[in-house]
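Here's a friendly walk through one protein model, from its rings to its surface. Have a look at the structure first, then read on.

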Amino acid sequence: MSVVHHFSSKLRTWTGRMVAYWQGDVAGGLTAAVVALPLALAFAVASGVDPKAGLYTAIVAGIVAAVFGGSPVQITGPTGAMAVILVGIVARYGIEKVWIAGVMAGIIQVALGVAKLGRLVKFIPYPVTAGFTNGIAVIIFCGQLNNFLGLQLPRSEHFLPGLWQTITHLEGVNWAAVGLAAVVIVTKLFWSRITTAIPASLVGLVLATTIASVLRLNIPTIGSIPQSLPSFQTIPHWNDFGLIRDLINPALALAALGSIESLLSAVVADGLTVSEKHNSDRELIGQGLANIVVPFFGGIPATGAIARTAVNVRAGGKTRLSGVIHGVALAIIVLVLAPLAAQVPLAALAGILMVTSVRMIEWEAIGLLARATYSDFAVMLLTWMVTIFFDLVLAVEVGLIAAGALFIKRMSDLSLGKVPETEVFPPGVPLELSKQIAVYRVDGPVFFGAAERFVTFLRDEPEVKYLILRMRFVPNMDTTGLVALEDIYHDLKRHDCRLLLSGLQPEVEKLLERSGFLDKIGRENCFETTDAAICALNPDLAACQTELTLNTRSEELVA
């Protein structure tokens, strides 16, 4: 009986946990679907495609990424970051080319995941991610000015021409559209004070649509949405290799942004839940498969959506089932409410996106970087400006180059430090000799930025005739470090200054020997310890060299 009782107790516990998980997943999936509905419509419009494409993307990509992705709670769909790139591609190539670029981007993402490169996103510096996130927010906000003002103008591929076009057509402002957008903005800002059970975006959308219908306002609306599920379609021109060559850059841009955005969203989800953490490589594969599949159903490239993922987790979502339920629920909504969605004013979607974009701006990050270091703040501003005035991929490239240059500069500063005279000179060293000797400690690899520091040092202190590099804490060295050491040696030689090395590790010594550097500087200039090097420079102290070396070795072993 005890065995039966134990088994039944375990079964009840397991059943209770499964029911709790399913209840949480159902609640999370349904809540995420309600939040995703207006955002899917809004981001499709912001991308320059039919609103139905946003819904189809949220349905198909949401389900595929949930099943195959690496985050158990990630919600995938159209996002503002992706819309920024898509609007330019749509304006230049058209929607059919976007489908081809989306498939190519998905293949690239799958390849990145298979190659296990998912963790590389963690090495993108914070100022760079903050810069392009803030830049995306500005572009989304300004991109919705036409819909906010009720202006029916053609879409511009670039930021500044589009903004100038809006400014030069202000005489055609539709004040009814402005009023509806204002209603949605106010609702988004203050609805949470009443309740958080119903998303503010959905309330604002319903309220604005109702006002427009009752008052019969003459404002642009979404237009008809098919009351049917997404169906499989063929993609024309997919075998045109000339076209594929033209689309490789847009595809790379979509793949890069989709990967970064999805992995950042997965990291945020990890911080919100105590359940299984995400697998970066599998997440890339899942997102790639979603982007490969979704164009065949009339959708656009998608990414993991931070806001919808957070809503899913907070509503109780714990497993992949929540993402599947989110997609199924959206499909049901399309079947039931498509005719009503056709009456949604574009100004209402503009209001939603404007509030979303303002909230996207990382105000705390701006303050933190401004207070921390001017160099990091400058990297963020540079990435921000390039994102707005050029494009997102170039912004990330420029930001990474600037951040990399700063990193090298900082490591060069940290890797070399002058050792005070009181710490290195043994007793009995004449004052005149001590002034002619400078000792530097090297920590870690020698960066090429270090060579320039010695040129400045020798110019400021011309009386120095001997420079000792303590290299005991340099475990290895690459070609860059070797070149830096060569540059240091030649600079010292031009200034009639002798270079001595102490504490060479076996790996470093082998490299210097193979390269011929040891023969160049002379093996007599390499010593076990700094004390031995200093003693060798003064004949009067030569007798104590062995004793000093042994003492130093004993102290190092004790330490």
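## A cluster of rings

F232, F296 and F297 are linked into a cluster by ring pairs. Rings of Phe, Tyr and Trp (for Trp, its six-membered ring) pair if their centres lie within 6.5 Å; planes under 30 degrees apart count as stacked, over 60 as edge-to-face, and the rest as tilted. Before going further, keep in mind that this is a predicted model: local features need pLDDT of at least 70 and side-chain atom pairs count only at pLDDT 80 or more, while totals for chains, interfaces and linings use all residues. Residues are numbered from 1 along each chain as its sequence is written, and side-chain values use heavy atoms, with hydrogens and water left out.

How many aromatic pairs does the structure hold? There are 3 of them. One of these is stacked: F232 and F296 sit 5.6 Å centre to centre, with 0° between the planes. This pair ties together distant parts of the chain, since F232 is in the loop between α9 (200-214) and α10 (241-246), and F296 is in the loop between α12 (280-293) and β2 (303-304), 64 residues apart. Helices here are DSSP runs (H or I, at least four residues), and so are strands (E, at least two), numbered from the N terminus.

F232 also pairs with F297: the ring centres are 5.9 Å apart and the planes are at 80°, so this pair is edge-to-face. Again distant parts of the chain get linked, with F232 in the loop between α9 and α10 and F297 in the loop between α12 and β2, 65 residues apart.

So how open are these rings to the outside? Buried means under 20% relative accessible area, exposed means over 50%, and partly exposed is in between (1.4 Å probe, protein chains only). F232 is exposed, at 58%. F296 is partly exposed with 24%, and F297 is partly exposed with 22%.

## The whole chain

Zooming out, the protein chain has 26 helices and 7 strands. Of its 559 residues, 51% are buried. Contact means heavy atoms within 4.5 Å. Take the contacts between residues at least 6 apart in sequence: 82% of them join residues at least 24 apart.

The chain's accessible surface is about 26600 Å², and carbon and sulfur atoms account for 64% of that. Accessible areas come from the Shrake-Rupley method with a 1.4 Å probe; for residues, only the protein chains shown count as cover.

How many disulfides are there? The structure holds 0, a disulfide being a pair of cysteine sulfur atoms within 2.5 Å. Two cysteines make a nice contrast in burial: C535 is buried at 0% relative accessible area, whereas C526 is partly exposed at 23%.

## Two loop residues with positive phi

K116 and D496 are both worth finding in the model. Phi of K116 is near 60°, a positive value in a residue other than glycine. D496 isn't a glycine either, and its phi is positive too, at about 55°. Here they are side by side:

| Residue | Loop | Relative accessible area |
|---|---|---|
| K116 | between α4 (95-114) and α5 (126-143) | 60%, exposed |
| D496 | between α22 (479-494) and β6 (498-502) | 57%, exposed |

## A nonpolar patch, and two helix residues

Which residues form a nonpolar patch on the surface? They are L229, V328, I332, L335, V336, L337 and L340, with about 610 Å² of accessible area together. Patches are made of residues with over 30% relative accessible area and no salt bridge; like charges are joined within 9 Å, and nonpolar side chains (Val, Leu, Ile, Met, Phe, Trp, Tyr) within 5 Å. A salt bridge, in turn, is a side-chain nitrogen of Lys or Arg within 4 Å of a carboxyl oxygen of Asp or Glu. From this patch, V336 lies in helix α14 (residues 320-341) and is exposed, with a relative accessible area of 55%.

Is T187 buried or exposed? T187, in helix α8 (residues 175-190), is buried at 10% relative accessible area. Leaving aside residues up to four places away in sequence, T187 touches A200, V203, G204 and L207.

K493, in helix α22, is exposed, with a relative accessible area of 55%. The C-alpha atoms of K493 and I521 are 9.8 Å apart, and the two residues are 28 residues apart along the chain.
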